[in-house]
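Dear colleague,

Please find below the structure that I am handing over to you, followed by an account of what was found in it.

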Amino acid sequence: MSELLDNPYFVTLKTKYAQLYKLVQDKCYLICVPQLVMPASALTLDFVGKHILRPSPYFQGIWQCYNDESKTFEIESNEIKTFEGWDKPMSFEIVAEELFYNNNFSPYKAVLINKPFIGNANMNAIAGKDPYSDMDVLGTSKELKLCIEFLLSYPENELILKKLNNEMKDFKNSYVIIEGFESDVINKVHHLIMKYEENLICANQDYRYMQQDPELAHELSLIIESYITGGLFGLLIIEFRRIFATQNASFQRRCIYHRTKPLRYFDIPEVFEGPHFDHPISVLSQLETNQTPMEMLNVLKVGTDAIYEAIGKNITHNGGNKDKEAITTDELIPVFSYILTRTNLRYIESDVYYMQNFVFTNISNTELAFNLINFQAAISFLKSDHFETPPEDLPLPTQLSRSASMSRTAGANAARQFRKRNPIRRSESVSYGRREVVPSNVENSITPIGQVFTPPPDVIQLNKKTSEPDWLSYLKRKIASKD
């Protein structure tokens, strides 16, 4: 069973093509998993689809490829034989099989076959190499600015990215997310990512090379995902914040109500108490200033690390030994909840949904996934019966007083005057889709009085100077050394 479940084909179907896998489960189709270890570049949507069989609606005992009904098979005992639509007769041995059950308890089957239906088996095999090992070797931070720069650095990507930008623009202008049908937009975004990932790999020699290394292929998928989710930010996160407005407000009200409670109210050990929680509060407060799920997940990672560091410093401050005071997950969750009540975050429920549903590349083995689970646990803890429910009429910071509203208007008027005196030069802005990025000297000056600057929808900030992270340096070194 392990040989089947750990097979790269089966892993790819469940992770990269998760929506197709769900369809297979619902329809109880037959999954034919090639026994040979395949390179990631071979596991395209077309290849995966041709190894999924569904019963022919015309002939009993005949099976057809999911994505090509002209190619059919018949199954006899432990052998799958071509029936119609193939250039020559072929047969494939069933080495092993496994029975699964879907959510309705209907059975569906996966069989391990000795060779793939299409492709050169000898060319596709990689002896002794597991393409899905060590998926978390590279860095987790995927700053949108650097993902954009990486894709734009290849001239051969220009036409494809231009088509992608136009498609994203049309998508944002024409698509409406309806409450209760959120899965539709998830499927459409996933399809868009798969489509343009294949197009970019076909057009770019370096990207084809990257498919030979599972770590590089994994990184490229995350970069392309970030580019697309960043480009659709104005539709996705803004609309989901609208749909989740009631839940967001309810949780924000809960955080405000418990903000003044001491640490002991959260069942946090006294030895953890101290003055060093300001840093993790500051880090996690940046969650809503990011645009892609990967950037948000990285904020959770950095914030979690900061919480551990703060607890260690507090233990030392209280005369304890931080090396002997092991911090368990059960102790971390209440501290995480305590930090959340002090962050002024307004869109926690919708942002969790965004992080959960718009990362399509497999990150289940990574620290990012673990931190997201802890974050959700902290949210659930705050919602539990352990905490008193706040009154529904508790005012939120977004409900501005008249004086605050006047200050905001004054700030906006000042911003307009600044733009007149300081027009943006073409050389200072970076094109992305249909908008341009405002230079840092302008963005800092137009922030309304009393507000923390949050990038407006669809504006990708490429002007912030950040050092090149390890993951991007690694990619460039590996690509440069391929010859």
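In this predicted model, helix α2 (residues 8–15) lies across four strands, namely β1, β2, β6 (91–101) and β7 (107–113). The direction of α2 is at about 135° to that of β1. Six of the eight residues of α2 are buried, and the helix is thus described as mostly covered. The buried residues of α2 are Pro8, Tyr9, Phe10, Val11, Thr12 and Leu13. At the N-terminal end of α2, Asn7 acts as the cap. A side-chain oxygen of Asn7 lies 2.8 Å from the backbone nitrogen of Tyr9.

The strands crossed by α2 belong to a closed barrel of seven strands with mixed pairing, in the order β1-β2-β3-β4-β5-β6-β7. On average, and with direction ignored, neighbouring strands of this sheet are turned by 40° against each other.

The pairing may be followed strand by strand. Strand β1 (residues 30–34) and strand β2 (residues 52–55) run antiparallel and are joined by two bridges. Within this pair, Ile31 stands opposite Ile52 of β2. Strand β2 also pairs with strand β3 (residues 62–65), in the antiparallel sense and over three bridges. Here Arg54 has Gln64 in β3 as its bridge partner. The hairpin of β2 and β3 has six residues between the strands, and Gly61 takes a positive phi near 85° in it. From β3, four bridges lead to strand β4 (residues 68–76), and these two strands run antiparallel. Ile62 is bridged to Glu74 in β4. The hairpin that joins β3 to β4 does so through two residues.

Two residues other than glycine deserve a note on their backbone conformation. Cys28 is not a glycine, yet it has a positive phi of about 60°. Cys28 lies in the loop between α3 (18–27) and β1, and its relative accessibility of 26% places it in the partly exposed class. Phe105, also not a glycine, has a positive phi of about 65°. The loop between β6 and β7 contains Phe105, which is exposed with a relative accessible area of 69%.

I turn next to the helices. At what angle do the axes of α6 and α10 cross? Helix α6 (residues 144–152) and helix α10 (residues 214–231) have axes that come within 9 Å and cross at roughly 110°. The two helices are therefore roughly perpendicular to each other, as angles of 65 to 115 degrees are classed in that way. On the α6 side, the contact is formed by Leu144, Cys147, Ile148, Phe150 and Leu151. On the α10 side, the residues are Leu220, Ile223, Ile224, Ser226, Tyr227 and Gly230. By class, this contact has nine nonpolar residues, two polar residues and no charged residues.

Helix α10 also holds Glu225. Is Glu225 buried or exposed? With a relative accessible area of 3%, Glu225 is buried, since the buried class covers values under 20%. A polar atom of the Glu225 side chain lies 2.6 Å from the backbone nitrogen of Thr361. Leaving aside residues up to four places away in sequence, Glu225 touches Ile193, Phe358, Val359, Phe360 and Thr361.

Phe358 appears again among the contacts of Leu236, a residue of helix α11 (residues 233–243). Leu236 has 0% relative accessibility and therefore counts as buried. With residues up to four places away in sequence not counted, Leu236 touches Val185, Val189, Thr229, Tyr354 and Phe358. The C-alpha atoms of Leu236 and Val176 are separated by 9.9 Å, while the two residues are 60 residues apart along the chain.

Tyr354, one of the residues touched by Leu236, is a buried residue of α16. Helix α16 (residues 348–357) has ten residues, eight of them buried, so the helix is largely enclosed by the rest of the structure. The buried residues of α16 are Ile348, Glu349, Ser350, Asp351, Val352, Tyr353, Tyr354 and Met355.

Yours sincerely

Conventions
Residues numbered from 1 in each chain as written. Predicted model: local features only at pLDDT ≥ 70, side-chain atom pairs only at ≥ 80, totals over all residues. Heavy atoms only, no water. Axes fitted to C-alpha atoms, helices over the stretch in contact; angles between N-to-C directions. Parallel < 35°, antiparallel > 145°, perpendicular 65-115°, else oblique. Contact = heavy atoms within 4.5 Å. Nonpolar A, V, L, I, M, F, W, Y, C, P; charged D, E, K, R; others polar. Pairing = 2+ DSSP bridges. Buried < 20%, exposed > 50% of the residue type's maximum accessible area, 1.4 Å probe, protein only. Polar contact = N/O pair within 3.5 Å; in protein donor to acceptor, adjacent residues only side chain to side chain.
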